[in-house]
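Here is a guided look at a protein chain, written for someone who likes to check things in a viewer. Have the model open while you read.

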Amino acid sequence: MKKYDYILVGSGLYAGVFAWYARKNKKRCLVVEKRNHIGGNVYCEDVEGIHVHKYGAHIFHTGNRKVWGFVNSLAEFNRYTNSPVANYKGQMYNMPFNMNTFSRMWGISTPDEAKAIIEKQRAEITGEPKNLEEQAIRLVGRELYEKLIKGYTEKQWGRDCKELPAFIIKRIPVRYIYDNNYFNDPYQGIPIGGYNVIVEKLFEGCDIETSADYLENREHYDSLGETVVYTGTIDAFYGYRFRQLEDPRPPYMGYRFGKLEYRSLRFESQVLDRENHQGVAVVNYTDRDTPYTRVIEHKHFEFGTQPKTVITREYPVSWQEGMEPYYPVNDQKNQELYQRYEELARAESHVLFGGRLGEYKYYDMDKVIESAMNRAEEIFG
C-alpha cells in the first residue's frame, strides 16, 4: 500500500477543490508545487496591508449556484462589482460597451442613436468574416473596434488582428443601457481577506511540498501515490529529457507530438505613496503603443482605505520554456495538437488531468471549480 492515495501536481483551484473532496473522504494527499507557495495564480501577497493579486486580477463571478455556495462555505465574499475602464490614448471609456461608452464616444444620449451608428458601421463587412478584425467590425463596427479592441487584442496575442482567426471572438457584449457591470453572472465578488483564505481551507490536511518539480522526479512521486492529479501543461507531461553525458547544460525538454502554444504574462508592481492612483481596480490600455494591457490597483478589490496603494502593470509576452504559461493559444492548429495529447490522457489509468493547463482550456475560476467538483463527485459520490 502506497503512502498517499493522491499526488496532486500543482496547487491551484482545480487541485485544491479535488483535495478538499478527497480529504472529506478520508484520502491521504500530497501536494507537489513548483512555486514557493500554494494557490496557483490566485495567490495573494500582503503589501502595505493590501491583498495584492500576484498573478493578475482575479474577480470571482459565476452563474452556478452550487459553485457559489461552495466558495462561500470557505470564505465570506464582498460585494465587489467588476467595472473596468478603458484608456485609449488618454480618453476614458466604460466597459463593457454600454450607453456610457457610446455617450462618451459619440456625444449621444439614447439607445436608438447608438444602435443606428453601430449598425451603419457593421455593414462595412459583407460575407463571412475572414479574420478577427472583420469579425469584430461585423459585431460592433469600425470605431469601437479601432479604439477599444484592436490594440488590446494584438498585445494580448502578440500578432495582428488580421492574422488571428475569426472564431476567437464569437460575441462582444453590447448593452444599450447605462450599466458598467462587466459580468452578466448573478454572483460576483472577492473573498474577504484575499484568495489565500480559500486556498488554505482547500488544502487543509494535505502534506505539501513547495519548490518541488514533479516532472523532474516523476518516478519518486509516482512511487508514493496511487493516483496522480496533474494540473500542469499536458504536453510537458508527455515530454522526455535527454542530453549527452559530457554536455553540462540542463536536460532538454522534448515533447511526444510537439509543443502546445501558450501566452505568458510579466508583471511590474509598484508601491505608491498616495491613497488612490486611478480610482478603479482595473484600467485596460487599448492603444497598441502602450506596452502593457492593463494596470491593476489592488486595494479597490476590497474597498481599501490604506494610506498607500499598490499598482501592477500587466505585459503579455510570448511563452518560452521555463516561463509560466498563463493561457492556451486557442487556434485550430493547437486544438488539433491537443486532441492528440488528450487521446493519450484518456488512456491513463492512474493519472487524472485537470485545470486550465491540464485540459488546455481558457477556464474562468468558476469553471475550473465546477470541473474539479464534477470529477471529484464522479469518484467519491
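The report below goes from the whole chain to its sheets, a hairpin and a pocket.

## The chain as a whole

Please keep in mind that this is a predicted model. The protein chain holds 12 helices and 18 strands. Its C-alpha trace spans about 70 × 45 × 45 Å along the principal axes.

How does the radius of gyration of the protein chain stand against that of a compact globule? For 381 residues a compact globule would have a value near 21 Å, and the protein chain has 22 Å, so the two agree.

## The parallel sheet

One open sheet is built from 5 strands with parallel pairing, in the order E9-E2-E1-E10-E18. Its edge strands are E9 (207-209) and E18, each of which pairs on one side only. From one strand to the next, the twist averages 20°.

Inside this sheet, E1 (residues 4-9) and E10 (residues 225-230) pair in the parallel sense over 5 bridges. Val9 is found opposite Tyr230 in E10. Helix H1 (residues 13-24) lies across E1, E2 (29-32), E10 and E18, and it runs at about 165° to E1.

## The mixed sheet

Another open sheet has 7 strands, in the order E7-E6-E14-E15-E16-E13-E17, and its pairing is mixed. Strand E7 (91-94) and strand E17 (327-328) stand at the edges with a single partner strand each, so one side of each has no neighbour in the sheet.

Helix H6 (residues 142-157) packs on this sheet. It touches E6, E7, E13 (262-272), E14 (282-285), E15 (294-297), E16 (309-318) and E17. The direction of H6 makes about 90° with that of E6.

## The E6–E7 hairpin and what follows it

At the E7 end of the mixed sheet, E6 (residues 85-88) and E7 pair in the antiparallel sense over 4 bridges. Two pairs are easy to pick out in a viewer: Tyr88 stands opposite Gln91 in E7, and Asn87 has Met92 in E7 as its bridge partner.

Which residue in the turn of this hairpin has a positive phi? The two strands are joined with 2 residues between them, and Lys89 in the turn has the positive phi, about 50°. Lys89 sits in the loop between E6 and E7, and its phi is a positive value in a residue other than glycine.

A backbone feature worth a look lies further along. The peptide bond from Met95 to Pro96 is cis, with omega near -5°. Pro96 belongs to the loop between E7 and helix H3 (99-106).

## The second largest pocket

The second largest pocket has a volume of about 190 Å³. Its lining consists of Ile234, Tyr338, Glu342, Ala345, Arg346, Val351, Leu352, Phe353, Gly358, Glu359, Lys361 and Arg375. By class, that lining has 6 nonpolar, 1 polar and 5 charged residues.

Which elements give two or more residues to this lining? They are helix H10 (332-346) and strand E18 (351-353). H10 gives the most, with 4 residues. E18 also ties the pocket back to the parallel sheet, where E18 is an edge strand.

How values were computed. Residues numbered from 1 in each chain as written. Predicted model: local features only at pLDDT ≥ 70, side-chain atom pairs only at ≥ 80, totals over all residues. Heavy atoms only, no water. Pairing = 2+ DSSP bridges. Contact = heavy atoms within 4.5 Å. Axes fitted to C-alpha atoms, helices over the stretch in contact; angles between N-to-C directions. 1 Å grid on protein atoms, 1.4 Å probe; cavity = no way out; pocket = protein on both sides within 12 Å on 5 of 7 lines; lining within 4 Å. Points joined across faces, edges and corners; volume = space filled by probe spheres on them. Nonpolar A, V, L, I, M, F, W, Y, C, P; charged D, E, K, R; others polar. Rg over C-alpha atoms; globule rule 2.2 N^0.38 Å.
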